[in-house]
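Biologist: I would like a close look at one part of this model, a hairpin and the strand that leads out of it. Please go from there to whatever surrounds it.

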Amino acid sequence: MASRIPDEVMIDAALIKELAGVAKDTALLQGVLMRTKESPNSSELVTYAPFTLFPSPVPKSVFLQALSVQTHFNTLVDKISQDIDFLQEALASTIEVDDFTARLFKIHQQILKEGRSQQSIVLGLNRSDYMLDQREDQTSSLKQIEINTIAASFGGLSSQTPEVHKHILKVAGRLEESQRILDNNPAAGLARGLAKAWELYGSESQRTLFFMMEEVQRNIFDHRYIESELWKRNIPTVRKRFDDVYKTGSLDPDKRLFVDGKEVAVVYFRNGYMPQNYTNEQCWDVRLMMERSQAVKCPDIGTHLAGTKKVQQVLARPGVLERFFPDQPQAVQQMRETFAGLYTLDMGPEGDKTVAMALAEPNRFVLKPQREGGGNNIYGSEIVKVLREVRGSTERTAYILMDKINPAPIQNYLLRRDSPLVISNCLSELGVFGAYVRQGAHMVMNECVGHLLRTKSSEHADGGVAAGVAVLDNPLLV
């Protein structure tokens, strides 16, 4: 069995040119679409979402490892979101210096002060991201980069890409490899979680499921696949921005949420994960109103905070996972095996040691602020520059330090609109989607619902597909 696409295929210029044309047409046929940069809020003109010409090899053992641990991470996020003392302790230093995390935490505190949301239904749709760290013996180990607990994207488009790569491999005469491309449908699994929450809320037909969307919507088709799955179940979905909800949203005396006169059963945030999403105080007022409401929030404010980088760093400390899984040593071991080295930058001797370590060997690490959305991490000489500026200040506690993961580069062609067709040295990142629904103390649903492979040129340190750096891919298990 071949482990990867053979060199004679990769270097056949005429074949590559032909395959690239077929691939783009196939992507359009399969609906692997994005709006254009020029018209991000109009579907009059669309293009293919960027993707790799060939699927990228991924060791079967680490792929299955990532899938098998996902339900444990779902449970972990849910337990953290309910642990008031843990969130307070973990984020104490961060909220002193990071205004965005502080604003989110203030909402969390306000909801607790008023009495936890009357809503007993909790919905989590998350994505755990990994890279494969190459060991000295050339084997790969799975290392977690982060867990995205809000607006985890590309569940829709990644449901469409397998057929593209299956077809390309057939056209290239690689039938055996085409049969090893896995079916994948995160859109259906994510929609299943949304639908379950909607049903538990009390699924009268006029109650809506609400997508909170961004101002710029190039990636709308990723959302539309999930919406389509919901409409198949006759669940009415509505798309609104923060300012729409500010104008027409309200709570009734029972804290039911109404927008445009319609009751909202579920709020699904595909916005609100970055400071720039909150363009004015009205946006923050809307977030607070929705958190106060009886509507099911995906995520609620506790789950949003559970996904912060600081919480990730604290979880890597000895004994912390055991706090949440006291009688499940095997689950603890499975999760801990995926952790890279994570280090605090809190004030004091331990944080001072982290600073010294990073300044001495900056290329061994990544400096991570408390931000989502890609393109925020700091590498190499920039780490030295930032840490020298903040080393004696509490500002350093806005960051965490993480071991840099070193995957083995692979060669592929990255297909982007108006970009030259050239072979690139590439790095891949594996995401695994999880969906869970809890009602009171009862976990109604807890599933791994699919995967996402994104690949980028090795010259780019950071950034995802939506940020314009990575492209969509599929794993070819080896």
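Biologist: In the hairpin of E10 and E11, which residue takes a positive phi, and how many residues lie between the strands?

Modeller: The model is a predicted one. The residue is Asp260, with a positive phi near 55°, and two residues lie between the strands of the hairpin. Strand E10 covers residues 257-259 and is paired with E11 in the antiparallel sense, through two bridges. One partnership on the E11 side is that of Lys262 with Val259.

Strand E11 spans residues 262-269, and seven of its eight residues are buried. Its other pairings are parallel. Strand E7 (residues 208-212) runs parallel to E11 and is joined to it by five bridges; in this pairing Val266 of E11 stands opposite Leu209. Strand E12 (residues 296-298) is also parallel to E11, joined by three bridges, and here Val267 faces Lys297 of E12.

Val267 leads from the strand to the interior. The largest nonpolar core has 64 residues, and Val267 is among those with the most contacts inside it, together with Leu76, Ile80, Phe86 and Leu315. Helix H13 (residues 281-292) supplies the largest share of this core, six residues. As a general point, nonpolar side chains in soluble globular proteins tend to be buried together. For Leu76, leaving aside neighbours within four places in sequence, the contacts are Leu315, Leu321, Phe324, Phe325 and Met335. Another core, of 57 residues, lies apart from the largest one and includes Phe51, Ile121, Leu123 and Leu230.

Helix H4 (residues 70-82) has a neighbour in helix H3 (residues 60-68): the two axes come within 5 Å and cross at roughly 35°. Ala66, Leu67 and Ser68 of H3 make this contact with Gln70, Thr71 and His72 of H4. By character, the contact residues are two nonpolar, four polar and no charged.

A bench reader may also ask about the cysteines. The structure holds zero disulfides. Cys283 is without a bond because its sulfur is 19 Å from the closest cysteine sulfur, that of Cys298, which is too far. Cys298 is likewise in no disulfide, with the nearest cysteine sulfur, in Cys448, 16 Å away. Cys283 counts as buried at 6% relative accessibility, and Cys298 is buried at 2% relative accessible area.

Further along the chain there is a separate pairing to set beside the parallel strands of E11. Four strands form an open sheet in the order E13-E16-E14-E15, and the pairing is antiparallel. Strands E13 (342-343) and E15 (378-379) are the edges, each paired on one side only. Strand E14 (residues 365-369) is joined to E15 by two bridges, and Val366 has Tyr379 of E15 as its bridge partner. Helix H18 (residues 349-360) packs on this sheet, touching E13, E14 and strand E16 (399-403), and its direction makes about 55° with that of E16. Helix H19 (residues 380-390) also has a buried side, made of Gly380, Ile383, Val384, Val386, Leu387 and Val390. These buried residues pack against H18, E14, E15 and E16.

Note on methods: Residues are numbered from 1 along each chain as its sequence is written. This is a predicted model: local features need pLDDT of at least 70, side-chain atom pairs count only at pLDDT 80 or more; totals for chains, interfaces and linings use all residues. Side-chain values use heavy atoms; hydrogens and water are left out. Two strands pair if DSSP finds at least two bridges between them. Contact means heavy atoms within 4.5 Å. Axes are lines fitted to C-alpha atoms, for helices over the stretch in contact, and angles run from 0 to 180 degrees between N-to-C directions. A nonpolar core is a set of buried Ala, Val, Leu, Ile, Met, Phe, Trp, Tyr and Cys residues joined through side-chain atoms within 4.5 Å. Buried means under 20% relative accessible area, exposed over 50%, partly exposed in between (1.4 Å probe, protein chains only). Ala, Val, Leu, Ile, Met, Phe, Trp, Tyr, Cys and Pro count as nonpolar, Asp, Glu, Lys and Arg as charged, and the others, Gly among them, as polar. A disulfide is a pair of cysteine sulfur atoms within 2.5 Å.
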